[in-house]
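Work through the exercises below with the model open beside you. Try each task before you read its solution.

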Amino acid sequence: MNKLDVLKKYFGYSEFREGQETLIDGILAGRDVLGIMPTGAGKSICYQVPALLFPGITLVISPLISLMKDQVQALNQAGVHAAYINSSLSEAQISKALRLAAGGQYKIIYVAPERLETYEFLSFARQAEISMLTVDEAHCISQWGQDFRPSYLKIVQFMKQLERRPVVSAFTATATEAVKEDIICVLGLREPDVLVTGFDRKNLYFAVDTPKKKDSYVINYIKEHAAESGIVYCATRKNVDMLYEKLCAEGIPAARYHAGLTGEERKQGQEDFIFDTRPVMVATNAFGMGIDKSNVRYVLHYNMPQSLENYYQEAGRAGRDGGKAECILLYSAQDVMINRFLMDNREQNGEYTEEEAEALRERDEERLKKMTYYCMTTHCLREYILRYFGEKEAVNCGNCRNCLREYEKVDVTETVKSILSCVREVRQRYGINVIAGMLAGDDRAKLREYGMFSYRSYGILKPMREGEIKQLINQMVVEGLLFVTNDKYAILKITERAEKMSENDERVIFEKPKEEPKAEKTISGQKKAAGTRRSDILNSRGLELFEQLRELRTEIAKEENLPPYIIFADKTLVDMCVRVPFDKKDMLKVTGVGENKFNRYGERFLHTIMEYTGGVREKFYFGEE
Ligand code: ADP
Ligand code: ZN
């Protein structure tokens with residue numbers, strides 16, 4: 001068998017995605033590799049395919065117990081013999097697994113880093129034929145990353161004790177240069193093939209919205225997407241509980257997850273979500289690491305996260321199956337305050353000198369700022385994200401709210417001048433609240449205390465409301481006319497660019513979103529433009545068939561006690577509706593249907609399709625043949 005046969009037979013895919021082939025070729029040629037790819041890009045295939053072609057065993061080091069279980073279940077479904085060894089098993093179970101492993105039962109073994117130094121595991125590993133060592137979430141070895149795990153350093157010790165050094169492959173979604181170098185150096189990769197694929201996730205639609213009532217927005221959205229699975233992230237436990245109660249009261253099948261719940265409650269919530277008994281998850285950012293649910297169709301952020309790193313990771317949990325999905329951030333000015341509060345009250349682990357702590361705080365403040373600008377920009381959101389992560393290519397993606405929206409150009413020169421002269425007049429010593437309040441002529445005690453009433457700029461923009469002025473100031477920041485200092489005072493300063501502009505007497509033109517027509521204001525209005533739902537692909541008969549296939553999948557999932565998406569991804573079911581297979585040969589052409597899965601479930605799905613169509617092929621989708 002060659003790599004393509006393996007891909008089709010076990011995983012049911014007929015071609016590799018970007019980057020996969022390069023890494024697989026490197027591994028098969030016996031070279032170390034480092035793959036840096038965004039979540040959902042398909043890292044697992046990169047080591048699972050060679051693992052099946054190598055003569056010996058592949059050990060996969062992974063930090064996350066839930067992820068291991070998920071991967072092993074999926075592999076077993078695909079007909080690959082795999083096992084995991086971690087603290088969720090009893091000593092007796094571990095011994096048994098290692099005995100079977102020594103007897104050549106498994107091609108792939110997932111193992112937690114702590115296990116590597118145990119006597120039992122080491123003696124197994126020293127005798128077994130180990131072809132490859134794969135380090136998943138490899139950034140955990142770097143002290144620069146946010147997820148440093150000291151136990152990852154054990155991997156190096158472990159490798160030294162093996163009779164023969166296996167090929168080493170490492171994978172991560174963290175792309176910074178420092179982390180990359182750390183991984184190569186600390187893991188001791190030997191002249192590795194390093195591959196960094198683009199961070200763009202084309203199937204994700206991005207939007208920022210500023211609804212007055214976030215709760216009703218979320219409820220409406222979820223109702224419009226009934227029967228789809230999604231995650232709503234909140235900044236605090238309190239928000240999670242509050243929103244969870246509201247959703248339940250609306251009869252929405254929601255689960256919740258945050259660090260304040262008991263272990264049992266968390267486990268239950270997670271399982272309800274994964275098994276689609278409660279397809280909507282309301283959670284803090286404690287939820288998601290190691291959650292591999294592939295059919296998440298939307299990720300809403302009830303609050304703005306602290307950084308784009310966090311945001312992209314959380315939003316990226318949508319659409320892992322490659323199908324269309326939506327990432328919508330609900331922004332309000334309060335979110336900045338919540339985040340600053342959370343940052344100031346974060347537990348310090350006492351390891352930092354005052355200087356280091358200050359540097360970290362500045363870094364966090366900078367990240368928060370960039371996150372905030374994301375919420376304000378009128379340019380392409382995808383481009384903003386990609387630039388932030390160091391990809392410079394200009395896109396105008398056509399699949400984000402800003403690209404799909406219409407804008408009108410507004411001349412704001414005079415207002416901008418007033419704002420700049422106000423900032424100058426107070427000698428660049430105040431933040432947005434004071435400046436906006438002052439320009440609006442607000443009668444606040446604080447302004448009186450600062451003696452603001454005596455300035456020339458006081459009340460100069462008076463007919464405008466403070467909120468409007470703030471919005472304009474924010475836009476000036478985003479456009480580089482003002483900047484905000486990184487200390488906790490967040491003071492507004494004038495940039496060189498603004499000085500030049502004033503000197504040259506340039507006009508300032510900003511883009512302002514046109515009011516959307518009422519009917520189009522709902523998400524589904526935008527969806528039509530974005531084409532992001534399976535109802536855009538399948539016609540009504542097709543959707544009906546999809547529902548029947550989905551019911552069958554749920555039934556099988558219950559019988560097998562497996563999450564539905566491990567049986568077949570949504571995308572696979574949609575492809576069945578498009579191709580309408582009547583026999584094994586056609587069914588094997590469906591994406592995600594491999595030999596083994598066909599043998600397990602193929603006939604039942606064929607049967608449902610046969611019954612629905614009566615054996616007459618019709619077209620169940622929109623668009624061209
Ligand atoms: P990552 O670990 O990079 O976040 P995964 O390995 O979990 O991503 O893969 C994400 C999804 O993409 C999975 O559902 C996987 O089956 C699917 N996938 C991977 N490679 C391919 C491929 N070549 N063709 C189609 N789907 C793929
Ligand atoms: Zn765009």
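The exercises cover two sheets, a buried leucine, two backbone outliers and a cavity.

**Conventions.** This is a predicted model, in which local features need pLDDT of at least 70, side-chain atom pairs count only at pLDDT 80 or more, and totals for chains, interfaces and linings use all residues. Residues are numbered from 1 along each chain as its sequence is written, chains are lettered from A and ligands numbered from 1 in the order in which they are written, and side-chain values use heavy atoms, with hydrogens and water left out.

**Exercise 1.** Give the strand order of the open sheet of seven strands, and find its edges.

Solution.
- Step 1. Helices (H or I, at least four residues) and strands (E, at least two) are DSSP runs, numbered from the N terminus. Two strands pair if DSSP finds at least two bridges between them.
- Step 2. The order is 3-4-2-5-6-1-7, and the pairing is parallel.
- Step 3. Strand 3 (82–85) and strand 7 (193–196) each have a single partner strand, so one side of each lacks a neighbour in the sheet.
- Step 4. On average, neighbouring strands of this sheet are turned by 15° against each other, direction ignored. Axes are lines fitted to C-alpha atoms, for helices over the stretch in contact, and angles run from 0 to 180 degrees between N-to-C directions.

**Exercise 2.** Trace the pairing of strand 5 with strand 2 and with strand 6. Then list what helix 2 and helix 3 touch in the sheet.

Solution.
- Step 1. Five bridges pair strand 2 (residues 57–61) with strand 5 (residues 130–135) in the parallel sense. Among the partners, V60 bridges to T134, and T58 bridges to M132.
- Step 2. Helix 2 (residues 20–28) packs on the sheet and touches strand 1 (33–36), strand 5, strand 6 (167–172) and strand 7. Contact means heavy atoms within 4.5 Å. The direction of helix 2 makes about 165° with that of strand 1.
- Step 3. Helix 3 (residues 43–53) also packs on the sheet, touching strand 2, strand 4 (108–111), strand 5 and strand 6. Its direction makes about 160° with that of strand 6.
- Step 4. Strand 5 and strand 6 pair in the parallel sense over four bridges. T134 stands opposite S169 in strand 6.
- Step 5. Check burial (buried is under 20% relative accessible area, exposed over 50%, partly exposed in between; 1.4 Å probe, protein chains only). Six of the six residues of strand 5 are buried, so the rest of the structure largely encloses strand 5.

**Exercise 3.** Describe the open sheet of six strands.

Solution.
- Step 1. The order is 8-13-12-9-11-10, with parallel pairing.
- Step 2. Strand 8 (204–209) and strand 10 (254–257) are the edge strands, and each pairs on one side only.
- Step 3. Neighbouring strands here are turned by 15° against each other on average, direction ignored.
- Step 4. Strand 9 (residues 229–233) runs parallel to strand 11 (residues 280–283), joined by four bridges. Y233 has A283 as its bridge partner.
- Step 5. Helix 11 (residues 263–274) lies across strand 9, strand 10, strand 11 and strand 12 (296–301). Helix 11 runs at about 140° to strand 10.

**Exercise 4.** Is L247 buried or exposed? Which residues does L247 contact?

Solution.
- Step 1. L247 belongs to helix 10 (residues 237–249).
- Step 2. Its relative accessible area is 0%, so L247 is buried.
- Step 3. Leaving aside neighbours within four places in sequence, L247 contacts V218, I219, I222, I252, A254, V280 and V282.

**Exercise 5.** Compare the settings of Q428 and V580, two non-glycine residues with positive phi.

Solution.
- Step 1. Most residues other than glycine have a negative phi.
- Step 2. Phi is about 50° at Q428 and about 45° at V580.
- Step 3. Q428 is in the loop between helix 17 and helix 18 (432–439). V580 is in the loop between helix 26 (570–579) and helix 27 (584–587).
- Step 4. Q428 is partly exposed, at 23% relative accessibility. V580 is buried, at 1%.

**Exercise 6.** How many cavities of 30 Å³ or more does the whole structure hold? What lines the largest cavity?

Solution.
- Step 1. On a 1 Å grid over the protein atoms alone, a cavity is a set of points where a 1.4 Å probe fits but cannot get out; lining residues have an atom within 4 Å of a point. Grid points are joined across faces, edges and corners, and a volume is the space filled by probe spheres set on the points.
- Step 2. The search finds one cavity of 30 Å³ or more. The largest cavity holds about 40 Å³.
- Step 3. Its lining is T413, K417, M501, S502, D505, E506 and V508.
- Step 4. Helix 17 (413–425) and helix 21 (496–504) each supply at least two lining residues.
- Step 5. By class, the lining has two nonpolar, two polar and three charged residues. Ala, Val, Leu, Ile, Met, Phe, Trp, Tyr, Cys and Pro count as nonpolar, Asp, Glu, Lys and Arg as charged, and the others, Gly among them, as polar.

How values were computed: 1 Å grid on protein atoms, 1.4 Å probe; cavity = no way out; pocket = protein on both sides within 12 Å on 5 of 7 lines; lining within 4 Å.
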